[in-house]
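Student: I would like a close look at one part of this model, taken slowly. Please pick a strand pair and work outward from there.

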Amino acid sequence: MAKVSVGLRGWRFDEEEIFTEEGELKPLDEIPEDPRERLVRLTRLVEEPCDVCYLDFGEAEIHRCNQARIVYGEPRGEVLLCPAHEPSFIYWFHEDGGSEYKGTRTLADRFHAWVAAGNEAPEGYGSVEHVDEDPDALPDPPDEREIQERLAEETGFERERIDIRKLAGQDEPDEDERLTEEDLADLDLSTEYPSDR
Ligand SMILES: [Zn+2]
């Protein structure tokens, strides 16, 4: 069964649980509970800032935070990360006790506390260890904007979006900047948690 990410890298969905054979998103009531919860949750997360950036800068300087690209953990206990801060999470998870909280909602709180205490990944950590076997084998991600709109319609959500790019007075970063070869090399696309080494 093919696995796909929607909106943010990290959480993985079984393609056939959430999409029809034509590649359309299924109606929510036809999607099993766990992936449905994650999909709905994602509509709230896709434009949020990275947690580590946010802990650094706070609400007053939210425009300085990078937008999250990666999500780990459980719905309502997520860790949101930008590519620059992903190594800190992976380091904490593998080397500093984080894996103890795998599968729990306290994972995020514990990680935030670790960051707030001034911890981070050592220089260079995570740059080579987590290379994905074959990122090209993955299906194209579905159109996230369309899915957000569909989900918002079906769930009646008022979307509270913080468009940090707009606040920063910047245009959309261009595609080349958003996904580099290096980013691809760092991807672990096989699981919602960092894989064991
Ligand atoms: Zn960050």
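Tutor: What follows starts at one hairpin and then moves to its surroundings.

The model is predicted. The chain has nine helices and four strands. Read from the N terminus, the order is β-β-α-α-α-β-β-α-α-α-α-α-α. The hairpin to look at is that of β3 and β4, which has two residues between the strands.

Take the pairing. β3 and β4 run antiparallel, and five bridges join them. Two opposite pairs can be named. Gly73 faces Glu78 in β4. Glu74 faces Gly77 in β4.

Now the loop. Arg76 sits between β3 and β4. Its phi is near 70°, a positive value in a residue other than glycine. Most residues other than glycine have a negative phi. Is Arg76 buried or exposed? Arg76 is exposed, because its count of other C-beta atoms within 10 Å is 10, and the cut-off for exposed is 12 or fewer.

The strands themselves give another picture. In β3, five of five residues are buried, and the strand is mostly covered. In β4, four of the five residues are buried, so the rest of the structure largely encloses this strand.

Next, the nonpolar core. The largest one has 29 residues. Those with the most contacts inside it include Val71, Val79 and Leu81, along with Leu8, Cys50, Ala68 and Phe89. β3 and β4 each supply at least two residues of this core, and so much holds for α2 (33-45), α3, α4 and α5 as well. The largest share, four residues, comes from α4. The core also draws on two domains: at least three residues come from domain 1 (1-46) and at least three from domain 2 (48-131).

Cys50 deserves a stop. Beyond its neighbours within four places in sequence, Cys50 is in contact with Leu80, Leu81 and Cys82. Its list also holds Cys65, Asn66, Ala68 and His85. Two names recur here: Ala68 and Leu81 are, like Cys50, among the residues with the most contacts inside the core.

Helix α5 comes next. α5 spans residues 106-116, and its buried residues are Leu107, Phe111 and Val115. Why do they share a side of α5? They cover an arc of only 65° around the axis, which puts them on the same side. What do they pack against? Their partners are β3 (70-74) and β4 (77-81), together with α3 (51-57) and α4 (86-95). The hairpin strands are thus among the elements that the buried residues of α5 pack against. The face of α5 turned away from the buried side carries Ala113 and Ala116, both exposed. After α5 comes Gly118, with a positive phi near 95°.

Step over to α4. Ile90 lies in this helix. Ile90 is buried, because 24 other C-beta atoms lie within 10 Å, where 20 or more is the cut-off. Ile90 also has a distant partner in sequence. Gly126 is 36 residues away along the chain, yet the C-alpha to C-alpha distance is 7.2 Å.

Farther along the chain, look at Arg150. Arg150 belongs to helix α6 (residues 144-155). Arg150 is partly exposed, with 18 other C-beta atoms within 10 Å. Arg150 and Pro27 are 123 residues apart in sequence, but 8.8 Å apart in space, C-alpha to C-alpha.

Pull back to the whole chain. Of its 197 residues, 28% count as buried. Among contacts with a separation of 6 or more, 64% join residues 24 or more positions apart.

Last, confidence. The average pLDDT is 77, and 66% of the residues score at least 70. Two stretches call for care. Over residues 128-141, pLDDT stays under 50, and the model has 19 contacts beyond four places in sequence for them. Over residues 158-168, pLDDT also stays under 50, with 17 such contacts in the model. Where pLDDT is low, the predicted coordinates should not be read in detail.

Technical notes: Residues numbered from 1 in each chain as written. Predicted model: local features only at pLDDT ≥ 70, side-chain atom pairs only at ≥ 80, totals over all residues. Contact = placed C-beta atoms within 7 Å. Arc of directions from axis to C-beta. Core = buried A, V, L, I, M, F, W, Y, C linked by C-beta atoms within 7 Å. Domains from an automatic or database assignment. pLDDT = per-residue confidence, 0-100. Pairing = 2+ DSSP bridges.
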